[in-house]
Each structure stands twice: as C-alpha cells, then as structure tokens.
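Colleague: I'm new to looking at structures, and I'd love a close look at one place where two helices pack together. Could you walk me through it slowly?

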Amino acid sequence: MKQVVQNYKSGELAVLDVPVPGCKPGGVLVRSAYSLISTGTELMKVSEAGMSMVGKARSRPDQVAKVMQSVATNGVPATYRKVMGKLDSYTPLGYSLCGVVEQVGAGIDDVKVGDLVACAGNEHALHAELNWVPKNLYAPVPDGLAPRHAAFGTVGSIALQGVRQGESQLGEVALVIGLGLIGQLVVQLLTASGVHVVGVDPDPARCELAERLGAAACGDPASAAVVSAVAELTGGHGVDQVYLAAGGGSNQPVELAAQLSRDRGRVVDIGKCRLDLPWNAYYEKELDVRFSRSYGPGRYDPAYELEGRDYPIGYVRWTERRNLACFLDLLARGRVDVEPLVSHVADFDDAVETYQRLKDGDLKAVTVLFRYPGPAEHTAGAAAPAVAVPAVQRPVGRASSPTRAARAPVRLAFVGAGNYATSMLLPHLSQRDGVELSTVVTTTALSAANAQRKFGFAEATTDLDAVLGDKSIDAVFVVTRHSSHAELTRRALLAGKSVFVEKPLALTEDELAGVLAAVEESGNDRLQVGFNRRFAPLLQEARQRFGARSGPASLRYLVNAGQLQHGSWYLQQGTEGSRFAGEGGHFIDTASWLLAADPVSVYAVAPSGNEDLQVVLGYPDGSTATISYVTTGAPTFPKETLDLVADGKVLRLDDFVRASVYGRKRWVSSRLPKARDKGQNAELAAFVKAVRTDGPMPVPLESLVATTAATLAVQAGLAAGAPVTLARTR
C-alpha cells in the first residue's frame, strides 16, 4: 500500500510503498476514503523538518534535554546512533480521516466489514491507504453523512473539546482569536450553542468566512472594529470567554485576550501559541486560564487509546470517542457545516505536490482533503513460598534446520524494529560479514519500511506466519514489547528457528513453562536471551584479572535506573509487567555469571510509594548478590556500579567505562573516557557463530531458565514478604 511520509532529518516528503498493517485485536483495519490535511499542525511539522539541526534543537528544547540525559546515561556513541536513527527515519503525517472497515480484529463487535467510520490519532489515522485503528479512536459515521465531511471528525473533536473547556452558556459572548480550521469550527459550535461570537484574524478572507458561518463580527487584531463589536455586544464589560486558536510566536493573542475579557472571564488555549501572560492584566481581572487537551479525555493515555479501556460515563461524560461521535452527529444534523471549509481536494497520488504548494504558499487553504482510489462517496449504514525452576527437558534429537552451504550467509529475520533494535542490534548486524538481513516484521507498516531502508533488509512485511514458514531463514530475533516475547519465542522454536529474544524471556511462570514445552515438543533448544552484559569486554577482562576464587563471594550491584518519561510503555504494568520483571534479568544474569552459578534463593523488599527494590540472591556455595534497583537516585550519578568481594580481592565496575581489580597487585582500566560497551556486539557475534556452525548457544539454556525464574520470583517474594526458594523440579 502507499503512505505519505517525511524524513525529519532532510525534510524530504514522499509517498512510499509500505507493508499493509496487521489487524490486531481490539481494533479494525480501515481503507481510507478521505483524509484531512490540517494546514496548521501538519504544516508546522513540515516546516520544522526543513530547519537546520540548530533550528530543530531550538524549536524542541524538551527533546534536547532528553538527549543530554541519554548522553549521561548511555554515552555519546549510543546516544548519537539513537538520535540519528530517529531523525533519519520516515515519520507519518495525518491524524483525521474517514474510511471503510476492511477487517475486524478480535474483541470488536460494534462495527462490521463494510461500515463507514471516522478515525482519529497521529499514529492511527494517517495519510495512508490502510490504517489499523484501535476501538476508542474510531466512531461509526451516521447514515447520510458524506465521507468527505466525516473526515473532519478529529479536528471537529479538538474544537468541541475546546468549547467544552470554556463552559459556554446561552447568551454569552465569546472571542475566537485565530480563524484557521479549528477557529472556524469553534465559531460554528459556539453559535450553535447560542453564544455570540466575535472573531479575530489578520486574513480578511477568513474573517469573511467566519461571518458567513455565524460570527457576529470579525476583524484584524489591531482593528478598532473588534473592540467596538465587543463593547456593543457586552455593554462594555468584555467577553465571557476567549478561545486561543492561533499559532506562531507572537504574544499578541494572550495580550488581546486580557484586554477584551470581562472580570473573571475564561481564556481557553486550543492552539499552540506563545503564552507569556502579562501578569498585571491577568491578575487584576482574575482571569481563568484553561488548556484544552486535543480530542478530549483519554488522549495520551495508552490504557484508553491502545488497550480500549473506556472511562465510565458517570465520571467522564465526554471522552475522545464520545466527542468524535458527537461531532459526527452535529454534522449529520446540519448543526455544523464543513463544506465551506474545504478549499481543495487532491488525489492521494498528488500528496507530495500538494504539501509543497501549501508550504510555498501557492495553495492557500483552510482545509485540504486527500481523495483515495475507490468509490468516491459512500453513506453509512503467608508461609514463605517455593517457586519451581522448570526442569529443562533436553530433546533427544534436535529439530532439523535448513540446509545451508558452509560459506552461505546466516539469514536473519527481525520481529520488531523499535528503538533498541535499530540503535543497539541492527547497526552491528548490518556491518557483520556472513550475515544476511532477510526480513523485518512489524505490526506498523512504516517501522518495517524504515528498517528495510536503513539496514538493507531484503523484505519488509507485517505477516509473521510467512516469515516463520520460510525455510530459508536460519534465525529469528524477537525484539518486541515484553508481553509478546514468550509467545513469539514459542512459535519460532516450533517453526524450527534459532531464536534470539530480547529480555525478558517471559513475564509469568506459565509463559516460561510454555517456552520450555515448545523446546520439548519441537526438539529445538536453539535459544538465546539478550543478556548482553556478560559479554562486555571491560567486564570480561576484569573477571579474568580477578581470577578464580576459593571461598564465598559478596556482590553488590547498584542500578540507578531513574524515572521513566510519562507515557512510556514500560509503565503499562498491567500488560508489560513491572520494570524489574522487564529488565531485572540483566542484572541477575551478570551476577550469576560472575559467581559461576545459578541462584537458589531470592529475597526482595521494596519501600512503599516507589519502584525501588532490594533483591538478595543466594547461591549454592554461600555467595550472595545484592541488587539495589532504584528509581529515586540522581540522574547525574552513573547508572550501573558493581563490587565483587572474595578471597581478599575486590572487583569494581563503574558503568562500563572503567574497571578495577584490587588484590596483591592493583589493576585499573584506562581512565580515559570511552564509549560504554555493554556487550551487544560480542553477544551478537557469539550468537551468529553458533547458528553458522550449529554449535552450542552462547549461554546454556539451563542458565537462561534459572535467571528468568529468579526474576519472576522477585514479585512472589514481595507479595509473600519472605524469602523464595528456587526449587528445581526433576
């Protein structure tokens, strides 16, 4: 299928051929009929992409701060790869469309194939021939409403939410500053609510349009006519509400709002404009400043938007989806008229030319619609627990693998192409001799296309079954969200593939048991989990210099994990597990490797109110490892520090930058700043070699299972408040 994309680094716009998105449970696959270009929001994004790197940084200081924090945590090279990987990628455009349901995912019963729906979301209602849209981001189109009008559903919801925030009442007077697309819709919604409206915009054509659509008077912000109209309509008291629907860097809108508001009036910010509030003016009138969050309650909440968890109507009357349905109803009943706002309709194939004309100013428009191939019009119809470490049943005979000539490259498929895969794994593999990147599989079309372009995959697809059934593929990398790791690993093992799965291997004991059942059923034990730290060159050298030990050891591992950004999928504990369940295996595996044994007991405690953990691991020879996993430390402190003490010796690791061994002689690695090498490259080399030679996997399966079981036991120990014995079953 085709999709409109932009490269944020170069500013290039293109219509790409990308894979069709998969139809996941909890949503529908929609074939677009019309999609809407927001000439404000989207053109701002297009303009930003055309800036220099310095200009981009100045426009997004919040992102610059994140980059600097990443440098402190991960080092310059890793941060550079991650940032450039994001910049030099195609990003989608669009967020408002109307289309026909082509496929219905599991759990959806309110629409059927062939129904017309309006769709919202800058990740789901894109300028593309097909989109997967989750349940709470689409709404059925009422009978008789034309698709080109239903395509306004998202922007209409933005305007509607802004009006709701203003709490307008019959007979009040409102000032709308900015008469672009959102402003024009706000004018109509207020007028339909019995509110007198005065509009402000420097464009005479937009002022004239707003007056035709119901505004009592409109004019230039510097015009005396606006002041006169407000005085006449309000008896000189000032407007009850002001709606800021303007963009740009001028502070004039907020100053005008204060000037023309009544005492204790309401100012609602809908657009993205400068907000340097003149303190005296706002203080003296005690103005109520409010923000309108996009389409309404539910926006930016993954549980609502992606998982389909609705808010009870008794507590949240108007959500994103209810706003969308309400606006469609207003359109269908003729209370709002969007046809006068349609300045231009372009064929989807002409998308690049259309954007360029808008950017250059050749095409002046309030709204532009893309028309897609197909029918042009359509109308809608208490005791300490014991946790069993699953026994690894070694297969009698290994599953047959594809026959490959001795010098033939190892053919790899990737399932998932997110930040970690594209910044920490694929850069190493794409440069490695003897490796062929065969196929990349993702659920979103554009991420697969980006990975194919940047790393040279032969194919990009959203069809996992086709990849697992491809006999020529030697190994599958599972680099998806945590909740899918165990199931994808199980399926790949049953298909006879060697499997590299990023941590964690499993989030529950049942998932772990399912993976081991697949090993036994298929006779395929070719599995590696991405516990890369044991492969780090600095730690390898330090362990060698520490040497063998004769007595028990004490190991302390401080992980200064830090706070996650709001909205991170790591915070979705209901589906993705706790943070420690997701990444704790890294630290348990490192400790077990250094102590040359698997843990036999786990004791975990956690302070209330945060995610900090203290995990104590016991080992067969009496050694202990204490992992302090903290989220409340200083972000400027190193992320990982480790001390191993035994036999009168101490091994010290400082965040994979420097290592020391203290004994009869002291060894210290270079004090010069280095890139943090946490072992990914060496780990990948070992895995590829094992696949090529049909030799043993880099880490024994028993060790992978023991580390996973110990990680899972942390939660059981926290719940019981007692140590957990890791009892191996036979």
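Modeller: Happy to! In this predicted model, the crossing of α22 and α24 is right-handed. Helix α22 covers residues 579-595, and helix α24 covers residues 701-720. Two packed helices are described by the angle between their axes and the distance between those axes. Here the angle is about 130 degrees, and the axes are 9 Å apart. That angle makes α22 oblique to α24, because an angle over 145 degrees would be needed to count as roughly antiparallel, while 65 to 115 counts as roughly perpendicular.

Now find the residues that meet. From α22 come Phe580, Ala581, Gly584, Gly585, Ile588 and Asp589. On the side of α24, their partners are Ser703, Thr707, Ala710, Thr711 and Val714. The residues of this contact divide into five nonpolar, five polar and one charged. If you wonder where the glycines went, Gly counts as polar in this grouping, and Asp counts as charged.

While you are there, follow the chain back from α24 into the loop that joins α23 (680-693) to α24, where you will find Asp694. Its phi is near 60 degrees, a positive value in a residue other than glycine. Most residues other than glycine have a negative phi, so this is a nice spot to pause. Asp694 counts as partly exposed, because its relative accessibility is 45%, and that class lies between the 20% and 50% limits.

Terms used:
Residues are numbered from 1 along each chain as its sequence is written. This is a predicted model: local features need pLDDT of at least 70, side-chain atom pairs count only at pLDDT 80 or more; totals for chains, interfaces and linings use all residues. Side-chain values use heavy atoms; hydrogens and water are left out. Axes are lines fitted to C-alpha atoms, for helices over the stretch in contact, and angles run from 0 to 180 degrees between N-to-C directions. Helices (H or I, at least four residues) and strands (E, at least two) are DSSP runs, numbered from the N terminus. Angles under 35 degrees count as roughly parallel, over 145 as roughly antiparallel, 65 to 115 as roughly perpendicular and the rest as oblique. A crossing is left-handed if the near helix is turned anticlockwise from the far one by less than a right angle, and right-handed if clockwise. Contact means heavy atoms within 4.5 Å. Buried means under 20% relative accessible area, exposed over 50%, partly exposed in between (1.4 Å probe, protein chains only).
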